[in-house]
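Subject: Structure for you to look at

Hello,

I am handing over a structure that you have not worked with before. Please open it first and then read the notes below.

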Amino acid sequence: MDNILKQTVEILRKSNYTIAFTGAGISVESGIPPFRGEHGLWNKYNPEVLDLGYYLDHAEECWVYIREIFYDFFADAHPNPAHLVLAEMEQKGLLKSVITQNIDNLHIEAGNKVVHEFHGNSKKLKCLKCGKVYAANEFDFKNIPPRCKIDNEILKPDFIFFGEGIPANAYSNSFADAEKAEVCIIIGSTGEVTPASYVPRTAKQAGATIIEINPEESSFTHAVTDIHLKGKASEIMTKLAKELF
Ligand code: NAD
C-alpha cells in the first residue's frame with residue numbers, strides 16, 4: 001500500500017487539473033449511512049417517500065419520514081478527515097472542484113469553495129409555487145410540513161427526488177470539469193446512480209487518471225479505475241495528506 005500511496009501522490013503533484021467525485025461512502029464516517037447495503041437507509045425506509053410523483057400527492061405523510069431521515073438523523077453530522085483533506089487540497093491549489101452526489105452539505109462545511117452538488121442540498125428548502133429558497137435552519141421542524149412564508153405552500157427539500165432532473169448548473173459544471181480533468185478521485189460511490197456515474201467515465205474518456213478510494217469494489221473498479229486505494233475514506237485520505245502536504 002505504501003508504494004501505491006507514493007505513486008498516487010506523484011500523480012496528484014503532477015496533475016494540473018484534479019477533481020473529486022464523491023458518494024455516500026465519504027460521509028459514512030460522519031455517521032450518515034448509505035442508501036444501499038447492510039445498514040443502508042432503504043432497509044428501514046420506503047424510497048417512495050422520495051419519489052416526486054408520490055410526494056406531490058402525499059407531502060404531509062412524506063415529511064414525517066423526510067424529517068426523521070434528513071433533519072433528525074443527519075442533523076449532528078460533521079465533516080470527517082476525508083472531507084477536510086479535500087478542502088485543504090483545494091486551498092493548496094491541488095484540487096479544482098468537488099462533484100458530489102451527496103446532499104448533506106459536508107463538503108461546504110469542510111471549507112471547499114467549488115462544490116457541484118449533483119443531487120442538490122438538504123440544508124435548503126424550496127417553495128415549488130413561488131421558487132423561494134430558505135435555509136433549512138430557519139425552521140425548527142417541530143411543526144411539519146414547513147411552509148413558505150409568502151404563500152403558505154409546503155416546502156420541499158432542495159435535493160432531487162426520484163423522477164426529478166439534475167440541477168442544470170451542477171450538471172454542466174460537473175461535465176465541463178470532467179472533460180478538463182487530468183486526475184479524478186472517486187471516493188465512496190458504487191457508481192450505480194446515473195447520470196452521476198457518467199462523470200468519472202467522461203473524465204476517463206477525456207484521458208484522466210482515475211484514483212478510487214473505497215473499502216469495496218464498485219462498478220467503476222474494473223471499468224475505469226487506474227488505482228484502487230482499498231480502505232475507508234478518512235483513513236486513506238489522512239495517509240495521502242501526510243505524503244502530499
Ligand atoms: P451508495 O450508497 O450506492 O454506495 C456507497 C459506497 O460507499 C459503496 O461503494 C461502499 O462500499 C462505499 N463505502 C462505505 N463506507 C465507506 C467508507 N468509510 N469510505 C469510503 N467508501 C465507503 O452511494 P452512492 O454511489 O453515492 O449513491 C447513492 C445515492 O444516494 C447518491 O445519489 C447520493 O445522493 C445519495 N445519498 C447521499 C447521502 C449523503 O448525502 N450523505 C447518503 C446516502 C445516500
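The notes that follow cover the ligand, the pocket that holds it and one further pocket.

Please keep in mind that this is a predicted model.

The ligand

The shell around the ligand holds 26 residues, and those that come nearest are Ala 24, Arg 36, Gln 101, Asp 104 and Asn 214. By class, this shell has 10 nonpolar, 11 polar and five charged residues.

Three side chains have an N or O atom for which I can give a distance to the ligand. For Asp 104, the side-chain atom is 2.7 Å from a nitrogen atom of the ligand. The side chain of Asn 214 has an N or O atom 2.8 Å from an oxygen atom of the ligand. For His 119, the distance from a side-chain N or O atom to a ligand oxygen is 2.9 Å. On its own the ligand has 850 Å² of accessible area, and the protein covers 92% of that.

Where does the ligand lie with respect to domain 1 and domain 2? Domain 1 is made up of 1–30, 78–119 and 166–245, and domain 2 of 33–76 and 121–159. Both domains give residues to the shell, so the ligand lies between them.

The largest pocket

The ligand sits in the largest pocket. The volume of this pocket is about 1200 Å³. Its lining consists of 50 residues, and the closest to the pocket centre are Ala 24, Gly 25, Pro 34, Phe 35 and Arg 36. Sorted by class, the lining has 23 nonpolar, 18 polar and nine charged residues. Domain 1 and domain 2 both contribute residues to this lining, so the largest pocket lies between them.

Ala 24 and Arg 36 appear in both lists: they are among the residues that come nearest to the ligand, and among those closest to the centre of the largest pocket.

The second largest pocket

The second largest pocket contains about 250 Å³ of space. It is lined by 15 residues, and Gly 120, Lys 126, Asp 158, Ile 160 and Pro 167 are the closest to its centre.

Regards

Technical notes:
Residues numbered from 1 in each chain as written. Predicted model: local features only at pLDDT ≥ 70, side-chain atom pairs only at ≥ 80, totals over all residues. Heavy atoms only, no water. Near = heavy atom within 4 Å. Polar contact = N/O pair within 3.5 Å; in protein donor to acceptor, adjacent residues only side chain to side chain. Areas by Shrake-Rupley, 256 points an atom, 1.4 Å probe, with all protein chains shown as cover. 1 Å grid on protein atoms, 1.4 Å probe; cavity = no way out; pocket = protein on both sides within 12 Å on 5 of 7 lines; lining within 4 Å. Sits in = over half its atoms within 2 Å of the grid points. Nonpolar A, V, L, I, M, F, W, Y, C, P; charged D, E, K, R; others polar. Domains from an automatic or database assignment. Points joined across faces, edges and corners; volume = space filled by probe spheres on them.
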